[in-house]
Amino acid sequence: MARNYRQEYDRYQGTPEQKKARARRNAGRRLMERLGKVSKGDGKDVAHKDNNTKNNKKSNLKVQDASKNRSFPRNKKAGRKRG
């Protein structure tokens, strides 16, 4: 069965809560663009060190490869590694 992107947007990505979260992530990216740390099309992501997208302080943002930012270290049971 093919993925239904319209339904996915309507049920999750289009909710007011998710729109606000996306806007906060975009604001962090724009800040790093103004500082000259990233540029459009560079393949980099702006990561939040504390994983809190509401915290867009310069000290909480870092530039990472997209592949590194979109995953996390896992333990033997495939959960997030702590510590």
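Which residues are exposed on the other side of α2? On that side, P16, K20 and R34 are exposed. The structure described here is a predicted model. This briefing begins with helix α2, which comprises residues 16-34, and then turns to the packing of α1 against α2, to strands β1 and β2, and to residues with positive phi, among them N51 and A78.

**Helix α2**

- Helix α2 has 19 residues, and at 1.5 Å a residue these should span 27 Å. The C-alpha atoms at the ends of the helix are 27 Å apart, so the expected span and the modelled one agree.
- The buried residues of α2 are Q18, A21, G28, R29, L31 and M32. These buried residues lie on the same side of α2, because the arc that they cover around the axis is only 160 degrees.
- The cover over the buried residues of α2 includes helix α1 (5-13) together with strands β1 (44-48) and β2 (61-65).
- P16, K20 and R34, by contrast, are exposed on the other side of the helix.

**Packing of α1 against α2**

- Helices α1 and α2 pack at an angle of about 90 degrees, and their axes are 7 Å apart. The angle therefore makes α1 roughly perpendicular to α2.
- From α1, the residues Y9, Y12 and Q13 meet Q18, K19 and R22 of α2. The residues of this contact divide into two nonpolar, two polar and two charged.
- Q18 thus appears twice in this description: Q18 is one of the buried residues of α2, and Q18 is also among the residues of α2 that meet α1.

**The loop after α2**

- G36 follows α2 and has a positive phi, near 80 degrees. The residue is found in the loop between α2 and β1.
- Is G36 buried or exposed? With a relative accessible area of 61%, G36 is exposed, because the cut-off for that class is over 50%.
- G36 and K54 are 18 residues apart along the chain, and their C-alpha atoms are separated by 21 Å.

**Strand β1 and the loop that follows**

- H48 is found in strand β1. Its relative accessibility is 10%, so H48 counts as buried, the limit being under 20%.
- Not counting residues up to four places away in sequence, H48 touches T53, N55, N56, N60 and L61.
- H48 and E33 are 15 residues apart in sequence, and from C-alpha to C-alpha they are 15 Å apart in space.
- N51 has its place in the loop between β1 and β2. Its phi is positive, near 60 degrees, in a residue other than glycine.
- N51 counts as exposed, at 60% relative accessibility.

**Strand β2**

- V63 lies in strand β2. With a relative accessible area of 32%, V63 is partly exposed, because this value falls between the limits of 20% and 50%.
- Which residues are in contact with V63, leaving aside its neighbours within four places in sequence? They are M32, K37, V38, K44 and D45. Of these, M32 is also one of the buried residues of α2.
- V63 and D45 are 18 residues apart in sequence, while in space their C-alpha atoms are 5.8 Å apart.
- Q64 is found in strand β2 as well. Its relative accessible area is 16%, and Q64 is therefore buried.
- Residues up to four places away in sequence not being counted, Q64 touches K44, D45, A47 and N69. K44 and D45 are also among the contacts of V63.

**The segment after α3**

- Where is A78 placed? A78 belongs to the segment after α3 (66-69).
- A78 has a positive phi of about 70 degrees, although A78 is not a glycine.
- The relative accessible area of A78 is 55%, so this residue is exposed.

Technical notes. Residues are numbered from 1 along each chain as its sequence is written. This is a predicted model: local features need pLDDT of at least 70, side-chain atom pairs count only at pLDDT 80 or more; totals for chains, interfaces and linings use all residues. Side-chain values use heavy atoms; hydrogens and water are left out. Helices (H or I, at least four residues) and strands (E, at least two) are DSSP runs, numbered from the N terminus. The expected span of a helix is 1.5 Å times one less than its number of residues. Buried means under 20% relative accessible area, exposed over 50%, partly exposed in between (1.4 Å probe, protein chains only). The arc is that of the directions from the helix axis to the C-beta atoms. Contact means heavy atoms within 4.5 Å. Axes are lines fitted to C-alpha atoms, for helices over the stretch in contact, and angles run from 0 to 180 degrees between N-to-C directions. Angles under 35 degrees count as roughly parallel, over 145 as roughly antiparallel, 65 to 115 as roughly perpendicular and the rest as oblique. Ala, Val, Leu, Ile, Met, Phe, Trp, Tyr, Cys and Pro count as nonpolar, Asp, Glu, Lys and Arg as charged, and the others, Gly among them, as polar.
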